[in-house]
Amino acid sequence: GGGGGGGRGNGQGFARGGGSGSGSAFMPGFGGGGGVDAVGDFSCYCGHPVKRLADRTGRVFFKCRDNDRQRNSEGCGFFVYEDEMGPPCGCNVPSRLLHTKAEGRPFYKCNRRSDDCGFFEWQDGGGGG
């Protein structure tokens, strides 16, 4: 097990953003504004630059560029909504914002479905359980 803490400032284009507006406090940089269908400044689990897209409602997400139903390719399976992105975990990709079931307290966790690195960090930085 393990994980907690570290991971910030890994040179992968992650920056702590301002407090106003929607979206995550940890946003990858996109030179020139980076509209939808742009390529991100960080890589997914398989090492390729991620794609930045939007769903039907306009909610922006990032995914492995090799996840493609039309080509019947699953790539590495990386996927995260922009407003759920957290600091990079031990896998060197953005963690995901989740909430505890009991109190709804927000925390960041490794986004891998299997074989995750064990990264865990409370959003408010506090300890406890």
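**A friendly note on strands, rings and a pocket**

1. A good place to begin is the pairing of β5 with β6, which is antiparallel and runs over 3 bridges; strands pair if DSSP finds at least two bridges between them. Strands here are DSSP runs (E, at least two residues), numbered from the N terminus. Within this pairing, F61 stands opposite Y81 in β6.

2. Before going on, please keep in mind that this is a predicted model, in which local features need pLDDT of at least 70, side-chain atom pairs count only at pLDDT 80 or more, and totals for chains, interfaces and linings use all residues. Residues are numbered from 1 along each chain as its sequence is written, and side-chain values use heavy atoms, with hydrogens and water left out.

3. On to the partner of β5 in a hairpin. Strand β4 (residues 49-54) runs antiparallel to β5, joined to it by 4 bridges, and K51 stands opposite K63 in β5. The hairpin of β4 and β5 has 5 residues between the strands, and G58 in the turn shows a positive phi of about 95 degrees.

4. Is β5 covered on its faces, or open? Both faces are covered, with V60 and F62 buried on one side and F61 and K63 buried on the other. Buried means under 20% relative accessible area, exposed over 50%, and partly exposed in between (1.4 Å probe, protein chains only). In a regular strand the side chains alternate between the two faces of the sheet.

5. R52 lies in strand β4 and, with a relative accessible area of 12%, is buried. Its C-alpha atom is separated by 4.6 Å from that of F62, although the two residues are 10 apart along the chain.

6. Now the rings: the structure holds 9 aromatic pairs. Rings of Phe, Tyr and Trp (its six-membered ring) pair if their centres lie within 6.5 Å; planes under 30 degrees apart count as stacked, over 60 as edge-to-face and the rest as tilted. One of the pairs is F42 with F78, whose ring centres are 6.2 Å apart and whose planes stand at 80 degrees, so the pair is edge-to-face. Because F42 lies in strand β3 (residues 38-43) and F78 in the loop between β5 (60-63) and β6 (79-81), the pair ties together parts that are 36 residues apart in sequence. F42 counts as buried at 1% relative accessibility, and F78 is buried at 0%. F42, Y45, F62 and F78 form one aromatic cluster.

7. Which ring has the charged end of R112 over it? That ring belongs to Y45, with the charged end 4.1 Å from its centre. The charged end of R105 sits over the ring of W122, 3.7 Å from the ring centre. For this, NZ of Lys or CZ of Arg must be within 6 Å of the ring centre and within 35 degrees of the ring normal.

8. Y45 and R112 appear again at the second largest pocket, where they are among the residues nearest its centre, along with G77, N111 and R113; 16 residues line this pocket. The elements giving two or more residues to the lining are β6 and β8, and the largest share, 3 residues, comes from β6.

9. Finally, β8 (residues 94-99) pairs with β9 (residues 106-109) in the antiparallel sense over 4 bridges, with R96 opposite K109 in β9.

Technical notes. 1 Å grid on protein atoms, 1.4 Å probe; cavity = no way out; pocket = protein on both sides within 12 Å on 5 of 7 lines; lining within 4 Å.
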